[in-house]
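Let's take a walk through this two-chain model, one region at a time. Keep the 3D view open as you read.

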Amino acid sequence: MKLYIGGAWQGQDVLARQENPEGPFFEDFHETVRRAVLSEGQDPRVFAEDFCAAHPDAIVIANEVGAGVVPMAAEDRTFREAVGRALCVIAGKAETVTRCICGIGVRIK
Amino acid sequence: MILLVTGGSGCGKSTWAEKVVETMPKEKRIYVATMQVYDRESELRVARHRAQRADKGFETLECPKDLESAPIPEGSTVLLEDLVNLTANEMFDGGDPERIVPALKNLAVRSRHLILVTNDLFSDGITYSPSVQAYLRKLAEINRQAAEMADRVVEVVYSIPVILRDCRSQSCSMEHSMIKDSGISVKGEMP
């Protein structure tokens with residue numbers, strides 16, 4: 001498993017494809033977490049652990065979403081927190097974690 | 001040399017970029033100011049930036065949009081601050097954001113050194129109104145294109161420069177920019 005993260009539109013998707021042409025890709029994973037937690041009521045850590053077990057070769061691509069003012073809406077707060085918890089699990093299992101900024105990847109794990 | 005400087009708000013990007021320029025030729029230092037001054041807060045910010053530039057030999061050119069038409073002499077050392085305002089002005093004040101990247105490319109050819117300052121506005125996870133989303137997306141694209149043009153890309157973190165890419169250190173690939181190298185002083189080796 002490999003994780004590619006970055007702020008919105010920082011090129012993490014392009015870099016993930018360049019470095020892993022075969023995939024399988026799980027893009028916009030923050031939105032996947034949003035659905036699992038907000039629509040289906042799953043626990044973000046359990047969701048992430050199950051995901052890792054089911055997709056050990058996944059190339060996970062996600063946005064970093066936690067670096068702003070605490071959102072006013074409870075749903076946004078839950079979303080932001082859930083993405084953090086889930087991606088901590090994914091990052092823990094991943095062989096590499098790459099953070100993109102301005103299209104440039106920095107390997108942080 | 002083309003240098004792109006990014007980072008969060010108030011993290012010392014301007015101050016660091018100006019320090020870099022101080023290591024460069026004294027002749028023809030041009031500061032391209034992009035902020036529209038329309039309220040007290042902008043006035044204060046502009047005043048603070050002007051004070052920072054005092055005695056550093058900068059000629060200031062106000063250029064809130066249409067960079068291509070700015071009368072920047074050939075062979076100048078240009079500090080453009082910043083892409084965030086330039087993009088906002090082009091998008092929301094009757095300009096055209098599509099002319100930014102071509103103008104940057106021309107400016108890069110004409111300049112002796114070009115230092116571009118931008119900002120990292122992309123990690124708060126908030127979905128804004130469609131016009132703001134379009135703006136963020138366009139700015140991210142311009143940032144990526146500027147990074148591609150640049151010899152060096154640096155993220156300033158509370159005054160500490162973290163090199164994201166340095167094409168002059170042979171390896172333009174990502175491996176050299178492991179986080180363990182972050183915070184290394186680049187002041188001594190600039191320009």
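## A tyrosine on the outside

Start with B:Tyr158, which counts as exposed because it has 9 C-beta neighbours inside 10 Å, and the cut-off for exposed is 12 or fewer. Bear in mind that this is a predicted model. To find B:Tyr158, look in the loop between β6 and β7 of chain B.

Which residues does B:Tyr158 touch, leaving aside those up to four places away in sequence? The answer is B:Cys11 and B:Gly12. The second of these makes a nice sequence-versus-space example: B:Tyr158 and B:Gly12 are 146 residues apart along the chain, yet their C-alpha atoms are 6.0 Å apart.

## Where the two chains meet

Now for the interface. On the chain B side 24 residues are in contact, and on the chain A side 21. Four elements of chain B each put in at least two residues: β1 (2–6), α5 (130–149), β6 (152–157) and β7 (160–166). The largest share comes from α5(B), with eight residues.

What is the chemical mix on the side of chain B that touches chain A? Eleven of these residues are nonpolar, eight are charged and five are polar.

## A buried strand in chain B

Turn next to β4 of chain B, residues 77–81, where five of five residues are buried. Its side chains go two ways: B:Thr77, B:Leu79 and B:Glu81 point one way, while B:Val78 and B:Leu80 point the other, and all of them are buried.

β4(B) has parallel pairings with two strands. One is with β2(B), residues 29–33, over five bridges, and there B:Val32 stands opposite B:Leu80. The other is with β5(B), residues 113–117, also parallel and over five bridges; here B:Leu79 stands opposite B:Ile115. As background, strands of a sheet are held in pairs by backbone hydrogen bonds, either parallel or antiparallel.

## The sheet in chain A

Chain A has an open sheet of five strands, in the order β2-β3-β1-β4-β5, with mixed pairing. The edge strands are β2(A) and β5(A); each has a single partner strand, so one side of each has no neighbour in the sheet.

Zoom in on β4(A) and β5(A), which pair in the antiparallel sense over four bridges. In that pairing, A:Arg99 has A:Val106 of β5(A) as its bridge partner. Helix α1(A) packs on the sheet, touching β1 (2–6), β2, β3 (59–61), β4 and β5 of chain A. The direction of α1(A) makes about 155 degrees with that of β1(A).

## Two crossing helices in chain A

Helices α2 (residues 29–39) and α4 (residues 74–93) of chain A have axes that come within 9 Å and cross at roughly 115 degrees. The crossing of α2(A) and α4(A) is right-handed.

Who makes the contact? From α2(A) come A:His30, A:Val33, A:Arg34, A:Val37 and A:Leu38. From α4(A) come A:Glu75, A:Thr78, A:Phe79, A:Ala82, A:Val83 and A:Ala86. By type, seven of the contact residues are nonpolar, two are polar and two are charged.

## Backbone oddities

A few backbone angles deserve a look. As a rule, most residues other than glycine have a negative phi, and most peptide bonds are trans.

Two peptide bonds are cis here. One runs from A:Gly23 to A:Pro24, with omega near 0 degrees; A:Pro24 sits in the loop between α1 (12–19) and β2 (25–26) of chain A. Another joins B:Glu81 and B:Asp82, with omega about 0 degrees. B:Asp82 is in the loop between β4 and α3 (83–92) of chain B, while B:Glu81 is one of the buried residues of β4(B).

Then there is positive phi in residues that are not glycine. A:Cys102 has phi near 55 degrees and lies in the loop between β4 (96–101) and β5 (104–107) of chain A. Is A:Cys102 buried or exposed? A:Cys102 counts as buried because it has 26 C-beta neighbours inside 10 Å. B:Lys28 has a positive phi of about 50 degrees and is found in the loop between α1 (13–22) and β2 of chain B. With 16 other C-beta atoms within 10 Å, B:Lys28 is partly exposed.

Notes:
Residues are numbered from 1 along each chain as its sequence is written. Chains are lettered from A and ligands numbered from 1 in the order in which they are written. This is a predicted model: local features need pLDDT of at least 70, side-chain atom pairs count only at pLDDT 80 or more; totals for chains, interfaces and linings use all residues. Two residues are in contact if their C-beta atoms, placed from the backbone, lie within 7 Å. Ala, Val, Leu, Ile, Met, Phe, Trp, Tyr, Cys and Pro count as nonpolar, Asp, Glu, Lys and Arg as charged, and the others, Gly among them, as polar. Axes are lines fitted to C-alpha atoms, for helices over the stretch in contact, and angles run from 0 to 180 degrees between N-to-C directions. A crossing is left-handed if the near helix is turned anticlockwise from the far one by less than a right angle, and right-handed if clockwise. A residue is buried if 20 or more other C-beta atoms lie within 10 Å of its own, exposed if 12 or fewer, and partly exposed in between; C-beta atoms are placed from the backbone. Two strands pair if DSSP finds at least two bridges between them.
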